[in-house]
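Okay, everyone, thanks for coming. I'd like to walk you through a structure that's new to most of you, so let me put it up on the screen.

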Amino acid sequence: MPVTVKTDEEIALMREAGRILALTHQELEKAIKPGLSTWELDRLAEDVIRSYGCIPSFLDYEGFPNSICISINEEVVHGIPRKDRILCDGDIVSIDAGVIYKGYHSDAARTHGVGKISPEKQKLMDVTKEAFYMGVRMARAGNHLHDISTAIGAYAERLGYGVVRELTGHGIGKKLHEDPVIPNYKVIGKGILLKAGMTLAVEPMLNMGTCRVEWVDDWTVVSADRSPSAHYENTILITDGEPEILSEG
Ligand code: MG
């Protein structure tokens, strides 16, 4: 599929989707505490998303059973909320959420500490977030797609983190996952020319150990060595100047 360039009207809808998603993440962050189940967090997310007249993007997406993905510690992404999965002091929890507003998606992920976390886990979260910004700095009209990929990968690998390769960022709009695929590491070729009006979900996933991952059920991806993993994502808009981060409050 060709990479879509959004109209001003579409961009306005995606901006609103992003604003609502940022508010949803803020509500979820406030609720995080030891003893809370990931199912309770999922219920809160759906309530907040629907209170804005939106639909959770992930609900029923290719059969996903819940509204958001919640991945703890060695879980990289796509963790399924469960009543018996309880947040514990010292965990890091990655929350990936999406909303549909008037037919347009926004997609964003945050990783948070639960209670008091180790300095190593804090640094993993900080580097993952900074890797996102390293990529976004390259997300400008006239640059190429893989400038984003190279910037993310080079930064994370220089600091010794495992950059997950099996999962990538993506275009986003009327569909949750549109072209192009956005690797988080240096790949052969420049990739497409970036143009104003393209909307992309940029999402580094970094492991404290190996870059390799495994699936432990139909959905949940874990680091192969079970080292902690963090995820940071926003939906962004390419402009003629600075990129606009649509899902950051
Ligand atoms: Mg995404």
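Let's start with the second largest pocket: sorted by class, its lining has nine polar residues, five charged ones and four nonpolar ones. Keep in mind that this is a predicted model. The volume of that second largest pocket comes out at about 290 Å³. Its lining is made of 18 residues, and Arg 110, Thr 111, His 112, Lys 129 and Tyr 232 are the ones closest to the centre.

So which elements give two or more residues to this lining? They are helix H1 (8–31), strand S5 (104–113), helix H3 (119–137) and strand S13 (229–231). And the one that gives the most is H3, with five residues.

Now over to the largest pocket, which holds about 340 Å³ of space. Here we've got 22 lining residues, and nearest the centre you'll find Tyr 61, His 78, Asp 96, Leu 167 and His 177. The class split for this one is 10 nonpolar, six polar and six charged.

Last stop, a sheet. It's an open one with three strands, in the order S3-S12-S11, and the pairing is antiparallel. At the edges sit strand S3 (75–77) and strand S11 (213–215), each pairing on one side only. Ignoring direction, neighbouring strands here are turned by 40° against each other on average.

If you zoom in on S11 and strand S12 (residues 221–223), you can pick out three bridges joining the two. One spot to look for: Val 213 stands opposite Ser 223 in S12.

Definitions and conventions:
Residues numbered from 1 in each chain as written. Predicted model: local features only at pLDDT ≥ 70, side-chain atom pairs only at ≥ 80, totals over all residues. Heavy atoms only, no water. 1 Å grid on protein atoms, 1.4 Å probe; cavity = no way out; pocket = protein on both sides within 12 Å on 5 of 7 lines; lining within 4 Å. Points joined across faces, edges and corners; volume = space filled by probe spheres on them. Nonpolar A, V, L, I, M, F, W, Y, C, P; charged D, E, K, R; others polar. Helix = DSSP H or I, 4+ residues; strand = E, 2+ residues; numbered from the N terminus. Pairing = 2+ DSSP bridges. Axes fitted to C-alpha atoms, helices over the stretch in contact; angles between N-to-C directions.
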